[in-house]
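Biologist: Before we discuss this chain, could you put the sequence and the coordinates on the screen, so that each point can be checked against them?

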Amino acid sequence: MKVFLLFGLVAVALADVSRFEGEKVFRLKPVLDKHVTLIKELDKSIKVDFWRPESSELVTIDSDVDIRVPAIYLDMVYTILQQNDMEHEVLIEDLQVAVDAHADNKASPRTHSYTKYNSWDKIQSWIASISSSNPNLISKQVIGNTYEGRPMTILKLGKKSSSTKPAIFMDCGIHAREWISPAFCQWFVKEALSTYGSDSQMTSLLDQMDVFVLPVFNVDGYDYTHKSNRMWRKTRSKKSGSSCIGADPNRNWNAGWCTIGASSNPCSDTFCGYSPESEIEVKNVADFIRRNKSIIKAYLTIHSYSQLLLFPYSYTYDLAEHHSELLKVAEGASAALRSLYGTRYTSGPGATTIYPAAGGSDDWAYDLGVKYSYTFELRDTGRYGFLLPESEIKPTCEETMLAVKYIAAYVQKNLY
């Protein structure tokens with residue numbers, strides 16, 4: 001296509017900057033093979049940030065494609081879309097305006113708040129204070145350090161018991177820019193502690209089971225999104241000989257590793273890493289789950305965005321052995337979530353419900369023997385994407401609690 005001659009003129013490598021003035025987020029609607037090819041060529045020629053799906057390889061006909069386009073390329077992208085009759089809309093007019101606006105206008109409290117996007121420093125202080133607040137129900141354990149040396153702390157919720165109890169494991173913040181995810185883990189801990197004794201379901205859960213919560217999985221990346229680049233996704237590991245930083249911690253698990261929907265290019269946002277568990281954060285969590293495999297009965301991982309409740313498999317189109325049961329539970333949880341604000345979630349296996357992607361944590365946990373393994377993709381469906389306003393933290397967390405409690409109650413009654 002002659003239009004791609006334009007690329008050579010402007011395809012300069014953009015430095016990683018933390019300002020996004022004039023950048024737009026488009027939703028493209030490819031309906032022809034040539035549209036799919038065009039999007040893939042676009043990705044090769046200029047630096048496009050894929051929000052959904054997570055890379056150009058996953059683009060298919062009749063699937064919405066959300067991409068962030070640097071201001072320098074906007075005229076060219078508009079020209080290409082018009083010349084090729086590709087339907088599109090602008091979801092975010094100016095990304096920097098959206099970044100500035102997703103924190104509400106109230107003065108940011110110096111301390112931790114459950115309705116704000118807290119910095120890592122605030123979350124770390126919160127972990128220390130909450131874990132000492134109620135020693136009969138909560139304790140903390142460092143399972144290792146991140147690449148940059150930050151502690152990875154798991155909070156264990158549950159009534160103290162002399163015998164080992166079955167458990168649920170939940171992590172948040174695998175992808176650095178998905179800020180609503182760590183906000184939910186913090187909310188969950190608050191709700192579990194504050195409703196124990198008054199809410200019969202939570203009381204029963206914490207009496208009979210433990211819940212392991214990792215409030216922020218990708219701590220280095222999350223800290224980087226607060227300090228340097230709001231749109232960062234990966235870890236922050238470095239390898240000699242490569243100028244590209246980090247790997248995608250949700251492509252780094254030993255579950256069909258790097259076979260589909262993941263990239264072997266270290267510069268890609270979906271880089272699978274140099275080997276399974278090459279990222280120390282992934283290895284730390286995998287080691288913890290392996291050590292506690294006999295008691296962990298459910299694995300929940302919280303992401304955004306798209307309003308989905310997914311379960312294995314993502315690395316293959318084959319159905320999981322427990323497919324029908326996993327689907328039934330997901331649909332029940334989605335109905336519970338919808339009952340509060342009417343938010344609609346779609347349930348199903350990852351590969352067919354969104355796109356195939358190898359090396360994911362839920363597939364790995366399921367293959368290890370953790371039967372009830374689920375991935376949440378929280379609000380929204382693209383209006384704000386990764387920049388969900390702080391005003392939506394509370395309703396998002398409230399409705400997600402209903403789904404998580406539904407799954408937990410089911411697991412509690414169906415231990416294996």
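**Strand pairing and local geometry**

Modeller: In this predicted model, Leu 308 stands opposite Glu 377 in β12.

Biologist: How many bridges join β10 to strand β12, and do the two run parallel or antiparallel?

Modeller: The pairing of Leu 308 with Glu 377 belongs to this contact between β10 and β12. Strand β12 covers residues 372-378, and three bridges join β10 to it, with the two strands running antiparallel.

Biologist: Which residue of β11 is the bridge partner of Phe 311, and what is the hand of the crossover that leads from β10 to β11?

Modeller: Strand β11 (residues 346-349) is joined to β10 by four bridges, and these two strands run parallel. Within β11, the bridge partner of Phe 311 is Pro 349. From β10 the chain passes through α10 and on to β11, and this β-α-β crossover is right-handed.

Biologist: Which residues of β10 are buried on each of its faces?

Modeller: In a regular strand the side chains alternate between the two faces of the sheet, so each face is best read separately. Both faces of β10 are covered, and the buried residues are Leu 308 and Leu 310 on one side, with Leu 309 and Phe 311 on the other.

Biologist: Just before β10 there is a residue with a positive phi that is not a glycine; which one is it, and is it buried or exposed?

Modeller: The loop between β9 (296-304) and β10 holds Gln 307, whose phi is positive at about 60 degrees although the residue is not a glycine. Because its relative accessibility is 12%, under the 20% cut-off, Gln 307 counts as buried.

Biologist: How does Cys 258 count in terms of accessibility?

Modeller: Cys 258 also is not a glycine and has a positive phi of about 60 degrees, and its place is in the loop between α8 (219-227) and α9 (280-291). Since its relative accessibility of 22% falls between the cut-offs of 20% and 50%, Cys 258 counts as partly exposed.

Biologist: Which peptide bond that leads into a tyrosine is cis, and what is its omega?

Modeller: The tyrosine concerned is Tyr 313, which lies in the loop between β10 (308-311) and α10 (323-341). The peptide bond is the one from Pro 312 to Tyr 313, and its omega is near 10 degrees.

Biologist: What is the omega of the cis bond from Arg 52 to Pro 53?

Modeller: Pro 53 is placed in the loop between β2 (49-52) and β3 (65-69). The peptide bond that joins Arg 52 to Pro 53 is cis, with omega near -10 degrees.

Biologist: Which residue meets the side chain of Glu 54 in a salt bridge?

Modeller: The N to O distance in this salt bridge between Glu 54 and Arg 233 is 3.2 Å. The pair links distant parts of the chain, with Glu 54 in the loop between β2 and β3 and its partner in the loop between α8 and α9, 179 residues apart. Both residues are buried, and the partner of Glu 54 is Arg 233.

Biologist: Are Arg 379 and Glu 399 buried or exposed, and what are their relative accessibilities?

Modeller: The side chains of Arg 379 and Glu 399 meet in a salt bridge at 2.8 Å, N to O. This pair links distant parts of the chain, with Arg 379 in the loop between β12 and α13 and Glu 399 in helix α13, 20 residues apart. Because both values lie under 20%, both residues count as buried, Arg 379 at 10% and Glu 399 at 0%.

Biologist: Which residues form a nonpolar patch on the surface, and what is their accessible area together?

Modeller: One member, Leu 402, lies in helix α13 (residues 393-413) and is partly exposed, with a relative accessible area of 30%. The patch is formed by Leu 340, Tyr 341 and Leu 402, and their accessible area together is about 250 Å².

Biologist: How many residues of α6 are buried?

Modeller: Helix α6 (residues 180-195) reaches 22 Å from its first C-alpha to its last, close to the 22 Å expected at 1.5 Å a residue. The helix is followed by Gly 197, whose phi is positive, near 100 degrees. α6 is mostly covered, and the buried count is 14 of its 16 residues.

Technical notes: Residues numbered from 1 in each chain as written. Predicted model: local features only at pLDDT ≥ 70, side-chain atom pairs only at ≥ 80, totals over all residues. Heavy atoms only, no water. Buried < 20%, exposed > 50% of the residue type's maximum accessible area, 1.4 Å probe, protein only. Pairing = 2+ DSSP bridges. Right-handed = clockwise from strand over helix to strand, strands pointing away. Patch = residues over 30% accessible without salt bridge, like charges linked within 9 Å, V, L, I, M, F, W, Y side chains within 5 Å. Areas by Shrake-Rupley, 256 points an atom, 1.4 Å probe, with all protein chains shown as cover. Salt bridge = Lys/Arg side-chain N within 4 Å of Asp/Glu carboxyl O. Expected span 1.5 Å × (residues − 1).
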